[in-house]
Amino acid sequence: MSRNHEATGEAAAVEAIAEVVATVERTQQAKDAEGFLALFHPDALWTTAHGKVLIGFDAIAEFTREVLPAASWDGKVTYEVVHTQFLRPDVAAVKVRQRYHAADGDGSEGAPLYVMTRAEDGRWLLTACQNTQVVAAGGA
């Protein structure tokens, strides 16, 4: 494959990955557990910002269906892709900036790392994810 084809394919993959992250944002804001869960690989691993480890889709689904619809926040959460690094053409490490904007002006930040894999049907799926809370300087 020529470098030009590789670059074109990589650019399309970066765009598709950014759309997955945008869907994470939309589903979180809407508290849409099923839409969020549709983004996961069946054998996914998820670690929450508070260190809860969820192994496999069933564990992630059980946790998400319990926690997401019941989440109480009066602000907005946003997700931004900061960096995408391809480990292989079908595997990418994606660094994300997560921000919670409270209605009162306060907020917090997270620094998730999503390892995503491209499924046989071409979709990019969340496969191994670590959500890390960002602590203000001097806090940790």
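Two strands pair if DSSP finds at least two bridges between them. The exercises below apply this to a predicted model.

**Exercise 1.** Find the strands that pair with β4, and give the sense and the number of bridges for each.

*Solution.*
- Start with β3 (residues 76–88) and β4 (residues 91–101): they pair in the antiparallel sense over 11 bridges.
- Locate one facing pair: Phe86 stands opposite Ala92 in β4. The link is short to describe: β3 and β4 form a hairpin with two residues between them.
- Go on to β6 (residues 113–118). Its pairing with β4 is antiparallel, over five bridges. Here Val91 faces Thr117 of β6.
- Finish with β5 (residues 107–110), antiparallel to β4 over four bridges. His101 stands opposite Gly107 in β5.
- Check the turn. β4 and β5 form a hairpin with five residues between them, and Gly105 in that turn has a positive phi of about 100°.

**Exercise 2.** Decide whether Glu25 is buried or exposed, and find the nearest side chain of opposite charge.

*Solution.*
- Place the residue: Glu25 belongs to helix α1 (residues 3–30).
- Glu25 is buried.
- Look for a partner. The nearest side chain of opposite charge, Lys76, is 5.5 Å away. A salt bridge needs a side-chain nitrogen within 4 Å of a carboxyl oxygen, and Glu25 has no salt bridge.
- List contacts, leaving aside neighbours within four places in sequence: Val77, Thr78 and Tyr79.

**Exercise 3.** What is the phi of Lys31, and where does Lys31 lie?

*Solution.*
- Phi of Lys31 is near 55°, a positive value in a residue other than glycine.
- Most residues other than glycine have a negative phi.
- Lys31 sits in the loop between α1 and α2 (33–37).
- Lys31 is partly exposed, at a relative accessible area of 27%.

Technical notes
Residues are numbered from 1 along each chain as its sequence is written. This is a predicted model: local features need pLDDT of at least 70, side-chain atom pairs count only at pLDDT 80 or more; totals for chains, interfaces and linings use all residues. Side-chain values use heavy atoms; hydrogens and water are left out. Buried means under 20% relative accessible area, exposed over 50%, partly exposed in between (1.4 Å probe, protein chains only). Lys and Arg count as positive and Asp and Glu as negative; His and the chain ends are not counted. Contact means heavy atoms within 4.5 Å.
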